[in-house]
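Work through the exercises below with the model open. Each task is followed by a solution in steps.

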Amino acid sequence: MTAVFLETPKRLVDVEIDGRTVRVPEGATLLEACRSAGIDTPTLCYLENLTPVNVCRVCVVEVEGSRTLVPSCSRAAETGMKVHTDSERVRTSRKMVLEFLSSSADLSLASADVQRWIAEYGADPSRYGDPEPPHAAGARDATRPGEHEAATDGAEAATVHQPVKYDNDSYVRDYSRCILCYKCVEACGEDAQNTFAIALAGRGFDARISTEFDVTLPDSACVYCGNCIGVCPTDALMPASEYHMRQEGTWDESQQTVTSTVCPYCGVGCNVDLHVQDNTIVKVTSPLESEVTHGHLCVKGRFGYEFVQNRPDEQ
Amino acid sequence: MDLKLSAEQKATAAEKAAVDKVIGPSETGWDGGERQARDAHVAFGGHAARSRRHLLIGVLHAIQEAAGWISPGALDYACERLTVPPAEAYGVASFYALFRTAPSPGAVVHVCDDIACQVNGAEDLCERMKRRFGDAGTEAAFDGSGVTWQRSPCLGQCDRGSAALIQRAGGQPARVQIAPADPEKIWSYLTDPQSQGTPAEPTIRSEEEGADGPGPAPRLLTRVGAVDPESLGSYRAAGGYQMLRRAAGLGRHGTLREVKEAKLLGRGGAAFPTHIKWDAVASNPVRPHYVVCNADESEPGTFKDRVLMERDPYALVEALTIMGYACGAEQGYIYIRGEYPLAESRLAHAIETARAQGFLGGDVMGEGFAFDIEIRRGAGAYIAGEETALINSLEGRRAEPRNKPPFPAQNGLFGKPTAVNNVETLLSLLEILRIGGPAYEATGTENSSGSRLWCLSGCVSSPGLYEYEFGATLREVIDGAGGVRDGRSLQAVLLGGAAGAFVGPDSLDLPLTFEDARAAGATLGSGVVLVLDDTVDLASLLRRITQFFRDESCGQCVPCRVGTVRQEELFARVASGTPFSAERDLFADIASVTRDASICGLGQTAVSAVDSAVKLGLIPGASS
C-alpha cells in the first residue's frame, strides 16, 4: 500500500493591497501577495531559496497602522492588513535605497530588472557628487570598527570601489559591485553549503564580506561550490571563465545558448544549465526552481566541465 | 562542523591560557586539546559542540586582554574550542571597537570627543594628547609594548568634563576610566597604576533632592552615596531585599499587576510600556524564559545607569531577580558596556555575595524559586543597546538588530521568550513595589508616572545626575543644576542624546514628560539634558552627531549604512560653505528613507537631532 501525504490545507487570508483585495494562503509574505497580484515589487537581498534577511529595504511597503515601512519580503500577510505599495513614502524609500547603492557600488552588471527599477524610481547617484577614487587593495579590509575616516569636504561620495580579488582558478570577487545583500553568506552557510567560509566583517559602511583576516580563498574554508556566485545579484562574484572573457571583450550573451541537462557526476541528478558560446561551455548554473538543486550545485557540477571540452581535434 | 583552521602562527601559551580561563581546559583532541587515542573513536559535533557559541565574545575579551589583539592563531584556538567557523568569529571580532584584529600597542587610550565632551574642550584635549603621545593612531614608546590613543564615542562620564578609557593588555586592571582626563594624568596612570589620580572611587555629582531641594525626596537615588556599594549588609540595612520579599508575597501575577498599574514606561529611550513586555513573556508557554538587563548605556550624554550600577549595584541585582520571578525566568543576564569597568566589577561582586548568601541560586531567599544572573560584557558598539542587537551579542554574534516581528517576547535570546529592560527601568520597579502600583501611577503626570533621572551635562554650573518626578519643566531641571554656567545665555538644549532632538530657549517651560515631549516634537530618550550656551559651535556639534551615526551604524541595512554616510557628507559640504538651502531636498530624502526604512531605532533616529536643528533654524541658511 502506498501512503499518500496531503499537505494540510492552509487557511486563506485577505489583505488589501492598493485598494484591491488579495487572497493568499496563511503564512504567505506581503511580497508573495504583491507578486500574486501582479504588482511589480523590487527586491535585491531576497531570493526564493534563501532565508529572508530583509536588509536591502528596497521591497518596503506601507502598512496602515505601522509607524515605519515594513519589508514585504519577510512580513507575513495578515487578515485585514491595508497595504500601499505606491505611496510617496514607499517611492521615496525605494528610490533612495537604489540611489544609495548605485552611488556607492557598481551596479552595471545587475539584472535588467534592477536597471529598470533604477530608472523607474528615478534614482540619481550623481546627487552625491563624484565618486571617491577606488580604495587601495586591502584598505577596506583593514579598517577598524568605529574608526572615523572624516569626510573632508563632502565633495566626493564614499564608495566601496576597490581592486578585484582574484586568488583562485574558479571565480573572482569584485567587491566594488558588492551591495552587502548577505546572499553569498547565506548560501555559503546554513541555507545551502554549510561551509561558512565567508561572513560579514567590520561594521557600518566599512562592513564587507570577508574570510577570516581576509585570507585568500585557498587558505579559507571555501570548497568552490560556487553557490555564492549563483545567488549574487550584482555579479560581484563571477566565474573566472566569464571574468576572463569580459576582460578580453569576448563575453557576448546574445551569442550564448543555454542547454539544460543533468550533471554527469554522482547519483543525485542535479539539473544544470550549460551556457555555451562558440561551442564552448562558458558558465554552468542551475535553475532556481529545480526541485533537486534549488539553484545550488557543488564544485563538480559548477566547475568540473573541462572534460567535455577536451576534444580530440584540439589536442 | 568541519572547521578549517589555517593560521600560520598557532596560539601562544598565554593566549590559550586566557581562553581556557574563560571556558575551562579542552577535553579532547577535537576541541583543541592533546590528541588521545580514544579521540579516534568518539564523535564530536552537533548541537552540543555548537552550544557554547554564546561564550565567544567573552573569549575574545580574554584574548584581547592577554595579547592586546586577536591574532589569527588565537582566533583559531577560540574557534576550535567553541566550534565556530573562523570567518564568523572574525566577523564578530571585527565588529566591536574594543577588539583589535591587527597587532596593536599594549596600551590603547580611548579619548572621548563626543558631544558632551566637545562642549567641554575635547578638541583641546585631543590636541594635548597629540603633543604628548603623537598623532591619534600612531604608536608612542612606552613600557616595551607601546601606547596609542584614539578618539572615542561617548564614555558615559559626561558630568566630569572629559573622559578617557585606558585599555591595557597583560596588565592589571585591563581597563580603567579616567575622568576628568588630561595627558599627564593618563601618563602617570600608565607608568604607575597605583599613582595618585587613580580613579578608584569616582566622584559623582549626583544631586540628592531633600527637604531643601526642589521636588520630593529621591527614589531612584535614595541609596546612591548612602550605602556601601560593596556591602550586601549595608544594602540590606537600607531596606534592601525587602521588595523581593514583597514580590514573592504578591506572587507572579500580583507583581505583574503592580507593574501594570504603575503604568511604568521604559527608561532606556523607547518609552515602551514595561508590563506589556513582561506579560507577553510571563504568559508564553515556551520555556525557558530569559530576562535581560540592558546596561549597554551608550547614548551620547547618558551616564545615569553607570552611576546606579557603580553606587547601588545590589538594587539592580534585586530588581532583576524580581523581574525574573515575575516573568518566570530562571536565568538573567546583565549586558554591560565594556567601557564601564568599575560598574562591572561592583556588579560582579554584588552577584557573587548575593549568591553566597542565598539571594540568588536554586532557592532564592527560601521563596521556592530559582534565579541566577550572569554578567556579559559588551565590546564597544552603540548598536548593542538596541534590544535585538543586544540579544545577538549575548549569543556571541555581531550586534546586528533583528527584524521585528517576531519580538523578543516571542523569539528572543536563544529563540526563547525574553524580556529586556534598562537599568533605570528596573530600579523603578523597587519603588513601585515599595509604594504600590496605583500609588506610583499617581506620581508624575497622567501619562508619565513616577520619577526620572536626568543627565545634566554641557554648559551647566553643576553637571550631574538629577532625579525629578515627571512634570518638572526643562527650566526647573536646568536651574536645579545651577543654571547656565558663567551667566551665559542659553543657545539650545539637546534632549535625549544623539538620537534625540534640540529644543530652543523658548522651550524652557516644556514639562519633561513623555507626552509633552512628543507633542513638542522632541523626545526624552535616555534622559540626556545637554545644555549649550551661546559660545558653543553648533555646526561642529552637528558634524560630530553625523559622524557618530556613521561610525556606529552596524551596516546591515542600506538606508542606515549608506544614509548615515551621505548625511555626514552633506553636513561636511555645509561646513565647507555650501548653503544648506542647496542641500534641503537631498536632506529631506535622506531623512525620509532612514526614518522609514531602516531596520532599527539607530537608523530611524539617525537624522532626528540634525532635523530638529534644521527646524529650529540652528543651521545657518536653514531656517524655513
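**Exercise 1. An interface inside chain B**

Task: State what area is buried between domain 3 and domain 5 of chain B, and find which residues of domain 3 lose the most area.

Solution. The model is a predicted one.

Step 1. Domain 3 and domain 5 of chain B bury about 790 Å² between them, and carbon and sulfur atoms give 69% of this area.

Step 2. On the domain 3 side, the most area is lost by B:Tyr382, B:Ile383 and B:Pro401, which together make up 57% of what that side buries.

Step 3. Counted by contacts, 12 residues of domain 3 of chain B touch 8 residues of domain 5 of chain B. The centres of these two domains, taken over C-alpha atoms, are 33 Å apart.

Step 4. For the bounds, the assignment for chain B puts domain 3 at 232-439 and domain 5 at 538-615. Chain B also has domain 1 (13-93), domain 2 (107-203) and domain 4 (451-533).

**Exercise 2. The domains of chain A**

Task: Describe how domain 1 and domain 2 of chain A meet, in area and in residues.

Solution.

Step 1. Chain A is assigned domain 1 (10-128) and domain 2 (159-314). Their C-alpha centres are separated by 27 Å.

Step 2. The contact involves 20 residues of domain 1 of chain A and 25 residues of domain 2 of chain A.

Step 3. About 1800 Å² is buried between these domains of chain A, with 63% of it on carbon and sulfur atoms. In domain 1 of chain A, A:Asn49, A:Leu50 and A:Leu109 lose the most area to domain 2, together 33% of what that side buries.

**Exercise 3. Chain A against chain B**

Task: Give the area buried between chain A and chain B, then find a pair of helices that cross this boundary.

Solution.

Step 1. An interface is often sized by the accessible area lost when its parts come together. For chain A and chain B, this area is about 4900 Å², and 54% comes from carbon and sulfur atoms.

Step 2. In chain A, A:Phe100, A:Arg203 and A:Phe213 lose the most area to chain B, together 16% of what that side buries. The contact itself takes in 64 residues of chain A and 61 residues of chain B.

Step 3. One helix pair across the boundary is H2(A) (residues 88-104) with H21(B); their axes lie 10 Å apart at an angle of about 65°. The crossing is left-handed.

Step 4. H2(A) contributes A:Val97, A:Phe100, A:Leu101, A:Ser103 and A:Ser104 to the contact, and H21(B) contributes B:Val558, B:Pro559, B:Arg561, B:Val562, B:Gly563 and B:Arg566. By class these are 6 nonpolar, 3 polar and 2 charged residues.

**Exercise 4. Two helix pairs in chain B**

Task: Classify the orientation of H20(B) with H21(B), and of H12(B) with H14(B), as roughly parallel, roughly antiparallel, roughly perpendicular or oblique.

Solution.

Step 1. H20(B) (residues 538-552) and H21(B) (residues 558-575) cross at roughly 160°, and their axes come within 8 Å. Angles over 145 degrees count as roughly antiparallel, so H20(B) and H21(B) are roughly antiparallel to each other.

Step 2. This crossing is left-handed. The residues in contact include B:Phe549 and B:Arg550 of H20(B), and B:Phe571 and B:Ala572 of H21(B). The contact of H20(B) with H21(B) has 5 nonpolar, 4 polar and 3 charged residues.

Step 3. H12(B) (residues 304-311) and H14(B) (residues 341-356) pack at about 40°, with axes 8 Å apart. The pair is therefore oblique.

Step 4. H12(B) also passes H14(B) in a left-handed crossing. B:Arg306, B:Met309, B:Glu310 and B:Arg311 of H12(B) meet B:Leu342, B:Ala343, B:Arg346 and B:Leu347 of H14(B). The contact divides into 4 nonpolar and 4 charged residues, with no polar ones.

**Exercise 5. Backbone exceptions**

Task: Find where B:Pro288, B:Pro405 and A:Asp18 lie, and what sets their backbone geometry apart.

Solution.

Step 1. Most residues other than glycine have a negative phi, and most peptide bonds are trans.

Step 2. The bond from B:Arg287 to B:Pro288 is cis, with omega near -5°. B:Pro288 sits in the loop between helix H11 (274-282) and strand E7 (289-295) of chain B.

Step 3. B:Lys404 and B:Pro405 are joined by a cis peptide bond with omega about -5°. B:Pro405 belongs to the loop between helix H15 (387-394) and strand E10 (418-422) of chain B.

Step 4. A:Asp18, a residue other than glycine, has a positive phi near 50°. A:Asp18 lies in the loop between strand E1 (12-17) and strand E2 (20-25) of chain A.

How values were computed
Residues are numbered from 1 along each chain as its sequence is written. Chains are lettered from A and ligands numbered from 1 in the order in which they are written. This is a predicted model: local features need pLDDT of at least 70, side-chain atom pairs count only at pLDDT 80 or more; totals for chains, interfaces and linings use all residues. Side-chain values use heavy atoms; hydrogens and water are left out. Axes are lines fitted to C-alpha atoms, for helices over the stretch in contact, and angles run from 0 to 180 degrees between N-to-C directions. Helices (H or I, at least four residues) and strands (E, at least two) are DSSP runs, numbered from the N terminus. Angles under 35 degrees count as roughly parallel, over 145 as roughly antiparallel, 65 to 115 as roughly perpendicular and the rest as oblique. A crossing is left-handed if the near helix is turned anticlockwise from the far one by less than a right angle, and right-handed if clockwise. Contact means heavy atoms within 4.5 Å. Ala, Val, Leu, Ile, Met, Phe, Trp, Tyr, Cys and Pro count as nonpolar, Asp, Glu, Lys and Arg as charged, and the others, Gly among them, as polar. Domain bounds come from an automatic or database domain assignment. Buried area is the accessible area (1.4 Å probe) that two parts lose on being put together, summed over both.
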